[in-house]
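Let's take a stroll through this protein model, starting in the middle and working outwards. Keep the 3D view open as you read.

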Amino acid sequence: MTQHQDYFVAPGSVVRTIWGKADTVLFIFAGAAAEFALNKAVDWLYFTGRLPADPLARLFSTVEYARQIVFAERSAAEQAIHTITAIHAAVEAKRGMAIPAWAYRDVLFMLIDYSIRAYEALERPMSSAEQAEVFEVFTRVGQRMGIPDLPTSHARWLETRQQHLADHMEYSRFTADLYQQYARHLGPIRYLLLLQAQRVVVPHPVRQLLRLGRTPWLRPVLLVYRYAQHLSISKWARTSLLPDDYKEKILRLDVVPPSLSAAH
């Protein structure tokens, strides 16, 4: 274990596999975009004005921080967590009230859940040990941030997650406004693809509240994707999902495994 001490997430971890691939990260992004819009604490994201002004950038920054933590050396990862905590503390000071602890837990739970759901949609079912590993990594992030009352096991998290989905989501004027912003920033075709990705990846309560419908035509496409993902058409499909400003950022999300980089 000594060689892993320098990293927040061990180099061989399934969490690195999940977050090292642009396609999976985009599906995590799609799921979070759906659930952020429904969360009862979404007014906090409206308070700064940054979310409605550019929801894609705001969500992407959350994703970027998560990736930084997953791949950075331990000290850099801990610095990134400290930065996130400081940003939230500044917003709290400006508004003169504290972000509820359950809202912090909700975002952490999203990262756990959509990491698993996105990977399973695009790659294969995960073992319970792998799912527990995802839970463990993001729980350490939450502990480092000082988030109270985090579940102590993956089994406990599964129960708490269901409770959070039941208690902390509603379709509000913020939801409607955010979806209008998504449509405006993405354009009609990309917006349609976002909704399809959300149908595939979000849990039932989210799908119900957003009236996303049950049968995504994207699912059979994903079966083809599993075989075609190593072809250049996959990269084309991926970059066409988000606006031009994001193409470079998306391509940078791909982390080349050490074995491949050594081969070139």
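## From the core to the loops

The largest nonpolar core in this predicted model holds 72 residues, and those with the most contacts inside it are Val15, Trp19, Val134, Phe138, Tyr182 and Val206. Who gives the most to this core? That's helix H7 (residues 101-122), with 13 residues.

Pick out Val206 from that list of well-connected core residues. Leaving aside residues up to four places away in sequence, Val206 touches Ala34, Glu35, Leu38, Tyr114, Leu165 and Met169.

Next, have a look at helix H10 (residues 173-186), where you'll find Ala183. Is Ala183 buried, partly exposed or exposed? Its relative accessible area is 27%, so Ala183 counts as partly exposed, a class that lies between the 20% and 50% cut-offs. Ala183 also sits 9.3 Å from Leu194, C-alpha to C-alpha, with their positions 11 residues apart in sequence.

Now for a bit of backbone geometry. Most residues other than glycine have a negative phi. Here are two that go the other way:

| Residue | Phi | Loop between | Relative accessibility |
|---|---|---|---|
| Asp149 | about 55° | helix H8 (128-145) and helix H9 (154-167) | 65% |
| Arg211 | near 50° | helix H12 (204-210) and helix H13 (218-228) | 77% |

Why does Asp149 count as exposed? Its relative accessibility is 65%, and exposed means over 50%, so Asp149 makes the cut. Arg211 counts as exposed too, because its 77% is also over 50%.

Key:
Residues are numbered from 1 along each chain as its sequence is written. This is a predicted model: local features need pLDDT of at least 70, side-chain atom pairs count only at pLDDT 80 or more; totals for chains, interfaces and linings use all residues. Side-chain values use heavy atoms; hydrogens and water are left out. A nonpolar core is a set of buried Ala, Val, Leu, Ile, Met, Phe, Trp, Tyr and Cys residues joined through side-chain atoms within 4.5 Å. Buried means under 20% relative accessible area, exposed over 50%, partly exposed in between (1.4 Å probe, protein chains only). Helices (H or I, at least four residues) and strands (E, at least two) are DSSP runs, numbered from the N terminus. Contact means heavy atoms within 4.5 Å.
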